Amino acid sequence: MNRGDGFAAVRDINPKAETHLLVLPERHVETFRDVGEFPADEAKRMLEFVAETAKAARLTDYRVIVNAGRGAGQTIFHLHWHILGG
């Protein structure tokens, strides 16, 4: 697990790729639709943390996915980013 200023990264327990990581903010936001609740500087740090997490996992080519809502496949209602590579 990787931790940063207000964020954490963990391995997905049901991976869909060779490398499948989740990045979660410590601040509770239910879905990506509510990302505006983050101040601009915190939202920027969150995206930087996503990129840093992929780099730390030695990924050069990867996908970043956010599911917003049950119809899009969201099953955990706390904003999180999927990083898939390999």
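Two strands count as paired here if DSSP finds at least two bridges between them. With that in hand, let's walk through this model, which is a predicted one.

Start with the sheet. Five strands make it up, it is open, and its order is 1-2-3-5-4 with antiparallel pairing. Strand 1 (2-4) and strand 4 sit at the edges with a single partner strand each, so each has one side left without a neighbour in the sheet. On average, neighbouring strands are turned by 20° against each other, if you ignore direction. As general background, strands of a sheet pair through backbone hydrogen bonds, in either a parallel or an antiparallel way.

Now go across the sheet, beginning with strand 1. Strand 1 pairs with strand 2 in the antiparallel sense over three bridges, and Gly4 stands opposite Phe7 of strand 2. The hairpin of these strands has two residues between them, and Gly6 there takes a positive phi near 95°. Next along, strand 2 and strand 3 run antiparallel and are joined by five bridges; Arg11 has Leu21 in strand 3 as its bridge partner. Strand 3 then pairs with strand 5, again antiparallel, over five bridges. Opposite Val23 you'll find Trp81 of strand 5.

That tryptophan is worth a stop. Trp81 is buried, since its relative accessible area is 9% and the cut-off for buried is under 20%. Which residue does Trp81 pair its ring with? The partner is Phe32: the ring centres are 5.7 Å apart and the planes stand at 85°, so the pair is edge-to-face. It takes planes over 60 degrees apart to earn that label. Phe32 lies in the loop between strand 3 (19-25) and helix 1 (40-56), while Trp81 is in strand 5 (residues 81-85), so the pair ties together parts 49 residues apart in sequence. Unlike buried Trp81, Phe32 counts as partly exposed at 35% relative accessibility. The structure holds two aromatic pairs.

Stay in that loop for a moment, since Thr31 is found there too. Is Thr31 buried or exposed? Thr31 is buried, with a relative accessible area of 5%. Setting aside residues up to four places away in sequence, Thr31 touches Asn67, Ala68, Gly69, Gln74 and Leu79.

Follow the chain on and you reach helix 1, which lies across strand 1, strand 2 (7-11), strand 3, strand 4 and strand 5. The helix runs at about 30° to strand 2.

Over at strand 4 (residues 62-65), look for Tyr62. Tyr62 is partly exposed, with a relative accessible area of 34%. Beyond its neighbours within four places in sequence, Tyr62 is in contact with Ala51, Ala54, Ile83, Leu84 and Gly85. The C-alpha atoms of Tyr62 and Glu52 are separated by 12 Å, the two residues being 10 apart along the chain.

Finally, the open space. How much space lies in the largest pocket? About 190 Å³. Strand 2, strand 3 and strand 5 each supply at least two residues of its lining. Among the lining residues are Val10, Arg11, His20, Leu22, His82 and Leu84, along with Ile65. Two of those names have come up before: Arg11 as the bridge partner of Leu21, and Leu84 as a contact of Tyr62.

Definitions and conventions:
Residues numbered from 1 in each chain as written. Predicted model: local features only at pLDDT ≥ 70, side-chain atom pairs only at ≥ 80, totals over all residues. Heavy atoms only, no water. Helix = DSSP H or I, 4+ residues; strand = E, 2+ residues; numbered from the N terminus. Buried < 20%, exposed > 50% of the residue type's maximum accessible area, 1.4 Å probe, protein only. Contact = heavy atoms within 4.5 Å. Phe/Tyr/Trp six-rings, centres within 6.5 Å; stacked < 30°, edge-to-face > 60°. Axes fitted to C-alpha atoms, helices over the stretch in contact; angles between N-to-C directions. 1 Å grid on protein atoms, 1.4 Å probe; cavity = no way out; pocket = protein on both sides within 12 Å on 5 of 7 lines; lining within 4 Å. Points joined across faces, edges and corners; volume = space filled by probe spheres on them.
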